[in-house]
Structure formats: structure tokens, C-alpha cells
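Colleague: I would like to learn how to read the features of a model one at a time, with the general idea before the particular case. Could we begin with how exposure is judged?

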Amino acid sequence: MNPGFTGSLLDRADEARHDEAMVRAMRSDPEALLLEMSGLHPVGAEQGALGWTPLRFAEVRTELALLGRLDGTPRFVALERGVSAFRRSPELFAAITALSAEDAGTYATARSLVDWHARHGFCANCGAETMVFRAGWGRVCPSCNAEHFPRVDPVVIMLAQHGEGADAKVLVGRQPAFPPGRYSALAGFLEPGESIEEAVARELKEEAGVSVHSVRYMASQPWPFPSQLMIACVGMTDDDTLTVDHNELEEAVWVSRDGVRAALAGELDAPFLPPPPYAIAHTLLSRWAMET
């Protein structure tokens, strides 16, 4: 029931980020390991585990970022230029599904970090080329001294609930890009100047015409495509009338608790195909299905 991409056992070694001598010593450690990546794809993940190679044997032609320590061993990732987080494939998601929760969480950290560096090579303040610093957890501009750090974009992902107890039902929707039959929770980015609760209410109103109140938090998840924090919530509504914005959704439907349970169980007559287990929408639906 823990959200996907959580549970990494990395000790992020924050103290090393401010100590270049410590980072050099960690890089020189004969036990230090480099995460094997092909662009943003985790090499070897299809076999159920991340691939690591001894750093001393690796041909490193680019900067490194310190991920931290695992089992006391320094772990690094190469900061490749020109990669794009928007290249996703069924093969990637199959590889992620094969990983343990711990490895998936470590991969999420590495992927988001590599992607951020690939897309932020120039200063947003003056336009000069920036340099890696703080062991790969920031970039600094040699021209204006501006410091830039990896960003995380907050996203609300939510269910609208109508009714209570055995009569309760929740709203799920589908986008045209989804596999046939798949429905999921609605989602959207937080906008400047609004709270989580306000973003939940706004997104549900905009996408489905549903007004909610009594918004409650359920769970959160890092989503490394490229780097979001998914904030899962449930909001109550007194009116189940739908006005679907077809620019956002192909369709939205109300589903009972039994229907959600059937979908999660993979029953053939379930009313919809649920999101994959590594998506927090799956966690959100699972936790809601367990309520009474």
C-alpha cells in the first residue's frame, strides 16, 4: 500500500554536499559505485534490480552527482547532457514494475536529478552557462553567482466522493492516451497562490464540473517524469452532476466501492482497468476501497 517510488534506502549524505574534500574521498573510494543508465533508462532493471558498476572501472566523460550511500557504499550517477524525460516507453514502465520498491525509489531520485541538469545548463538570471556544484545537487553561475537547485513541481491527484458508507462512489476519468478501458484519478498542477485544498477543488470543478468540500490528504509520491510531487486527496461533493471538459478528459464516470475493489482485483467484469501499481492513483483507489 506504500506509493510507488517511495522507500529508497539511500542515505543522501547531505553533509558531503558542502564538503568537496569529502566528495573527492568518496569518489576515490575503491568500493564506490556508478548507477548504470542508458540515457534515462535504468540498465538491468528488467532483471529486477538496478545495475551498478565500480566507479574506478567506469569511463566517465561527464560530471557526476553524488546520490548518497547505500549499505555504506558511495553511489553516483553520471550527468549526461541531451537526455529528455519526455521519452517514455512501455519498456521503461515494464522495467520499473520489475524493480523493488527500494530500487524504484533510488531510480526516481537519479532520474529526476539527471533530467534537471540536462535541462538547466544555463542561468535563468543572466543566460550564462552554469557549473555543477554541491556534489551535483545544484548549479552555480560563474557570471552572476546565481545558485540554482533541482526543482519539484507539486501536483494534486484526487477523487471526488459522493455519498457515505455503502452508498459511496468516487469519480474517475480517462484521457485518450490511456490504454483501452483504463480510468484513473483526476490530477493537475498547483498554481501560484493556492493551497492544496484549493487546487483540488479547482481542478475537479474545471475538469468535471464537480464542487467539493472537506478535502482530506491521503498520501504523496515522487513522480520522476520529470520531477513532480503527487499529492493524493479525496474531496466530498453533495452533487454528482458532471460537466466534463473534453479538452482535459475523454470521459469521467462514478464508480462504487465494490466497483473499485473489482477493478483493483483484476476481475473480468470490473467497470474499469485501474492505473498501474507504481502510480499513486492506484494507492489512492486502494486506500479508499478499504474504507467503510
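Modeller: A residue counts as buried under 20% relative accessible area, as exposed over 50%, and as partly exposed in between. Please keep in mind throughout that this is a predicted model. Glu 63, which is found in the loop between strand E4 (52–54) and strand E5 (64–70), has a relative accessibility of 43% and therefore counts as partly exposed.

Colleague: Which residues is Glu 63 in contact with, once its neighbours within four places in sequence are left aside?

Modeller: Glu 63 is then in contact with Val 77, Ala 78, Leu 79 and Val 132. As for its place relative to another part of the chain, the C-alpha atoms of Glu 63 and Ala 160 are separated by 45 Å, the two residues being 97 apart along the chain.

Colleague: Val 132 brings us to a sheet, I think. In what order do the three strands of the open sheet come?

Modeller: The order is E7-E8-E9, and the pairing is antiparallel. Strand E7 (131–133) and strand E9 (147–148) are the edge strands, each of them pairing on one side only. Between E7 and strand E8 (residues 138–140) there are three bridges, and Val 132 stands opposite Arg 139 in E8. Helix H3 (residues 101–119) lies across E7, E8 and E9, and runs at about 20° to E8.

Colleague: How should I read the cysteines, and how many disulfides does the structure hold?

Modeller: A disulfide is a covalent bond between the sulfur atoms of two cysteines. For the reasoning here one needs the cut-off, which is that the two sulfur atoms lie within 2.5 Å. The structure holds zero disulfides. The sulfur of Cys 123 has its closest cysteine sulfur in Cys 144, at 3.7 Å, and this is too far for a bond. The surroundings of the two can be read separately: Cys 123 counts as buried, at 5% relative accessibility, whereas Cys 144 is partly exposed, with a relative accessible area of 28%.

Colleague: And the nonpolar residues, how are they best approached?

Modeller: In soluble globular proteins, nonpolar side chains tend to be buried together. Here the largest nonpolar core has 56 residues, of which Phe 5, Leu 35, Leu 67, Val 77, Ile 96, Leu 159 and Val 260 touch the most other members. Apart from that core lies another, of 17 residues, including Met 158, Leu 186, Ala 199 and Ala 252. To take one residue of the largest core, Leu 159 is in contact, beyond its neighbours within four places in sequence, with residues that include Val 170, Leu 171, Val 172, Cys 233, Leu 284 and Trp 288.

Colleague: Val 260 was also on your list; which residues of helix H5 (residues 257–265) are buried?

Modeller: They are Arg 257, Gly 259, Val 260, Ala 262 and Ala 263. These buried residues of H5 pack against E11, E15 and helix H6 (280–290). Just after H5, Gly 266 takes a positive phi of about 75°.

Colleague: Finally, how do I read the charged pairs, and how many salt bridges does the structure hold?

Modeller: Side chains of opposite charge can pair when their charged atoms come close. The structure holds 15 salt bridges, and three of them can be read through their positions in the chain. In the case of Asp 115 and Arg 119, the side chains meet in a salt bridge at 2.7 Å, N to O. Because these residues are four apart in helix H3, about one helical turn separates them; Asp 115 is buried at 1% relative accessibility, while Arg 119 is partly exposed at 41%.

Colleague: Where in the chain do Arg 174 and Glu 250 lie?

Modeller: Arg 174 and Glu 250 form a salt bridge whose closest N and O atoms are 2.7 Å apart. This pair links distant parts of the chain, with Arg 174 in strand E11 (residues 169–174) and Glu 250 in the loop between strand E14 (228–237) and strand E15 (251–256), 76 residues apart. Arg 174 is buried, at 7% relative accessibility, and Glu 250 is partly exposed, at 38%.

Colleague: Which residues are joined into one network by salt bridges that share partners?

Modeller: Let us start from one pair, Glu 191 and Arg 202, whose closest N and O atoms are 3.6 Å apart. Glu 191 lies in the loop between strand E12 (186–189) and helix H4 (196–208), and Arg 202 in helix H4, so the pair ties together parts 11 residues apart in sequence. The network joins Glu 191, Glu 194, Arg 202, Glu 203 and Glu 206.

Notes
Residues numbered from 1 in each chain as written. Predicted model: local features only at pLDDT ≥ 70, side-chain atom pairs only at ≥ 80, totals over all residues. Heavy atoms only, no water. Buried < 20%, exposed > 50% of the residue type's maximum accessible area, 1.4 Å probe, protein only. Pairing = 2+ DSSP bridges. Helix = DSSP H or I, 4+ residues; strand = E, 2+ residues; numbered from the N terminus. Contact = heavy atoms within 4.5 Å. Axes fitted to C-alpha atoms, helices over the stretch in contact; angles between N-to-C directions. Core = buried A, V, L, I, M, F, W, Y, C linked by side-chain atoms within 4.5 Å. Salt bridge = Lys/Arg side-chain N within 4 Å of Asp/Glu carboxyl O.
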